Amino acid sequence: MGRASPLVIDVSGLSDQNPLLKVTTAFSPRGWVELPPGVSWPGDSALRVEATVVREPAGFHVEGEVHGEAEAECTRCLAPFPWKLALPLIAEFRPRKGGSAPRDAPDEEGVYPVQDEEIDLLPAVNEAVLLAFPMQLLCREECAGLCPECGQNLNEGRCRCSVEMPSDPRWSGLAEAWRRKQAGERRAGERAETKSRG
Ligand SMILES: [Zn+2]
Ligand SMILES: [Zn+2]
């Protein structure tokens with residue numbers, strides 16, 4: 001067993017007469033809620049969960065929303081940008097018949113166990129968050145990306161590669177040398193920058 005989940009809810013107070021429980025909570029998702037590659041939780045991030053737990057004959061039904069903000073890296077231009085999360089959260093909780101599998105393993109898709117009159121919303125939140133990310137994360141729909149020659153971020157302006165490169169085949173050797181020189185200068189510049197920062 002690891003640390004106790006920050007989203008364990010005591011449902012022992014719910015009965016047929018008193019079937020509803022409103023849950024509003026915020027927690028630091030770092031180390032708790034997984035993100036796809038290229039996305040991370042900023043150090044001070046908080047994930048807010050607002051949900052209603054309803055007692056039903058078979059168990060508990062949870063419906064609500066998850067709000068937060070992650071930091072994503074644009075697939076095209078590699079620039080970091082905030083990724084706002086506003087997701088529906090829907091999950092069913094059922095008493096588990098026999099066995100003592102870990103609480104965070106869903107019995108079937110979207111169905112999680114009730115254990116010791118407690119339910120853990122964390123696995124359902126994890127699933128909702130992971131499903132929210134598309135394959136391509138773009139800082140904006142029309143992101144121009146990076147120049148494949150010099151690495152310039154084309155959202156910030158055109159580079160000189162396409163504009164001033166000699167196109168006459170007799171000059172191609174020169175063009176190649178020029179490209180290498182440009183690339184070399186850029187690397188040197190990056191090294192200098194790294195040094196001055198460190
Ligand atoms: Zn971009
Ligand atoms: Zn370029």
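User: What joins β4 to β5, and through how many residues?

Analyst: In this predicted model, β4 and β5 are joined by a hairpin, and two residues make the connection between the strands. Ala58 is found in that loop between β4 and β5.

User: What makes Ala58 count as exposed?

Analyst: Ala58 has 11 C-beta neighbours inside 10 Å, and the label "exposed" applies to a residue with 12 or fewer, so Ala58 counts as exposed. Along the chain Ala58 and Glu92 are 34 residues apart, yet their C-alpha atoms are separated by 9.4 Å.

User: What makes β4 and β5 a pair, and in which sense do they run?

Analyst: Nine bridges link β4 (residues 47–56) to β5 (residues 59–73) in the antiparallel sense; since at least two bridges are needed for a pair, these strands meet the criterion. Within this pairing, Val54 stands opposite His61 in β5.

User: How many bridges join β2 to β4, and which way do the two strands run?

Analyst: Eight bridges join β2 (residues 20–27) to β4, and the two strands run antiparallel. Set against the requirement of at least two bridges, β2 and β4 therefore count as paired. Leu21 stands opposite Val53 in β4.

User: Which strands pair with β6, in which sense, and over how many bridges?

Analyst: β5 and β6 run antiparallel and are joined by 14 bridges, with Phe60 standing opposite Phe93 in β6. On the other hand, β6 and β7 pair in the parallel sense over four bridges, and there Arg94 stands opposite Pro113 in β7. Both counts satisfy the requirement of at least two bridges, so each of these is a pair.

User: Why is Leu78 called partly exposed, and where does this residue lie?

Analyst: Leu78 lies in the loop between β5 and β6, which form a hairpin with six residues between them. Around Leu78 there are 13 other C-beta atoms within 10 Å; an exposed residue would have 12 or fewer and a buried one 20 or more, so Leu78 falls in between and is partly exposed. Phi of Leu78 is near 65°, a positive value in a residue other than glycine.

User: What makes Glu117 exposed, and what is the sign of its phi?

Analyst: Glu117 has 12 other C-beta atoms within 10 Å, and because the limit for an exposed residue is 12 or fewer, Glu117 is exposed. Glu117 is found in the loop between β7 and β8, and its phi is positive, about 60°, although it is not a glycine.

User: What makes Ile119 count as buried, and with which residues is Ile119 in contact?

Analyst: Ile119, in strand β8, has 27 C-beta neighbours inside 10 Å; the threshold for a buried residue is 20 or more, so Ile119 counts as buried. Leaving aside neighbours within four places in sequence, Ile119 is in contact with Ile9, Val11, Phe60, Phe93, Tyr112 and Val114.

User: Why are the buried residues of α1 said to line one face of the helix?

Analyst: The buried residues in α1 are Leu122, Ala124, Val125, Ala128 and Val129. Seen down the axis of α1, they fall within an arc of 160°, so they line one face of the helix. On the other side of α1, Leu130 and Leu131 are exposed. The buried residues of α1 pack against β4, β5, β6, β7 (111–114) and β8 (118–120).

User: Which residues have the most contacts inside the largest nonpolar core, and which elements give two or more residues to this core?

Analyst: The largest nonpolar core has 24 residues, and those with the most contacts inside it are Val49, Val62, Val66, Leu121, Ala124 and Val125. The elements giving two or more residues to this core are β4, β5, β6 (80–95) and α1 (122–131). Val125, leaving aside its neighbours within four places in sequence, is in contact with Leu7, Val33, Val49, Val66 and Leu89.

Terms used. Residues numbered from 1 in each chain as written. Chains lettered and ligands numbered in written order. Predicted model: local features only at pLDDT ≥ 70, side-chain atom pairs only at ≥ 80, totals over all residues. Core = buried A, V, L, I, M, F, W, Y, C linked by C-beta atoms within 7 Å. Contact = placed C-beta atoms within 7 Å. Arc of directions from axis to C-beta.
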